[in-house]
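Here are a few exercises to work through with the model open. Try each one yourself before reading its solution.

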Amino acid sequence: VTTIVHASSSCFKNDNYASAGTADDDITIEGITFDADTTWSGAVDMQGVNRLTLRNLQFKNVKVTGVTAGIGIASKAAVNCQDITIENCIFDVPDYGIVFDADVGSIENISIAGNKFRINWGSAIGVGGVVKEIAISNNIIELLGDLPDLSLDTGVGIGVKTVDGTSTTNAPTDITITGNVFIGPTSRTLIAAISLANYTNNVAVTGNTFRECTKTGSSSSSRY
């Protein structure tokens, strides 16, 4: 296992991240521990990718200040993302474990399986925009809902939102959530295992375990 000690900004960005063009294909990152020694914005940050595999990664020691994410994946104008696999990773982060953002273009065919999340607030998995065919299975998601210097009484295991909050054309669709374990703290009242915004389409939630999660359901707001 390789350990990367890093400060702000991202450790990995693909070639297409900063400029429009064709998608980058066939990228695999595995067996790395990301150890954040200062406040940071993320470790893996990708835009416009196809056949991306992230496996056996660990994200730890992320500082509380600012908005942080272990993995961020976004589509770009005229460059969509397809075939994303994230498996057997460990996320120990205050804000977001994985974020998918498709406000322009789309992200399709995603598998998130066998990961472990410990999240203070924000979302373990955040999905926004035109994101299609998502399978979220066999993950352990622990929502701590507690930061000593923020005292935020909130947290979402899986958060799904639309881009503009009012359109079926900009909403995630075809989501399967199965075999996951959601664990929340007994002392918090706004912990949600799953939060689905209006216009989210075709969602199946089966065979999951919920422990001490006080809120599960749908919302018209953009929580993730």
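A residue is called buried here when its relative accessible area is under 20%. Keep in mind that this is a predicted model.

**Exercise 1.** Sort the residues of strand β10 (residues 90-93) into a covered face and an uncovered one.

*Solution.* Start with the covered face: that's Phe91 and Val93. Ile90 and Asp92 then make up the uncovered face.

**Exercise 2.** Find which strands pair with β10, in which sense, and over how many bridges.

*Solution.* Take strand β7 (residues 58-60) to begin with: β7 and β10 are parallel, with two bridges between them. Here Phe59 has Phe91 of β10 as its bridge partner. Next comes strand β12 (residues 116-119), also parallel to β10, this time over four bridges. In this pairing, Val93 sits opposite Ile119 of β12. Look back at the faces: Phe91 and Val93 are the covered residues of β10.

**Exercise 3.** Do the same for strand β8 (residues 69-74), and work out how many of its residues are buried.

*Solution.* Burial goes quickly: six of the six residues in β8 are buried. For the partners, strand β5 (residues 44-47) pairs with β8 in parallel through four bridges, and Met46 faces Ile73 of β8. Strand β11 (residues 96-113) runs parallel to β8 too, joined by five bridges. There, Ala69 is opposite Tyr96 of β11.

**Exercise 4.** Are Cys81 and Cys89 buried or exposed, and how many disulfides are there?

*Solution.* Cys81 is buried, because its relative accessible area is 0%. Cys89, at 1%, is buried as well. For a disulfide, two cysteine sulfur atoms must lie within 2.5 Å. On that rule, the count is zero.

Definitions and conventions: Residues numbered from 1 in each chain as written. Predicted model: local features only at pLDDT ≥ 70, side-chain atom pairs only at ≥ 80, totals over all residues. Heavy atoms only, no water. Buried < 20%, exposed > 50% of the residue type's maximum accessible area, 1.4 Å probe, protein only. Pairing = 2+ DSSP bridges.
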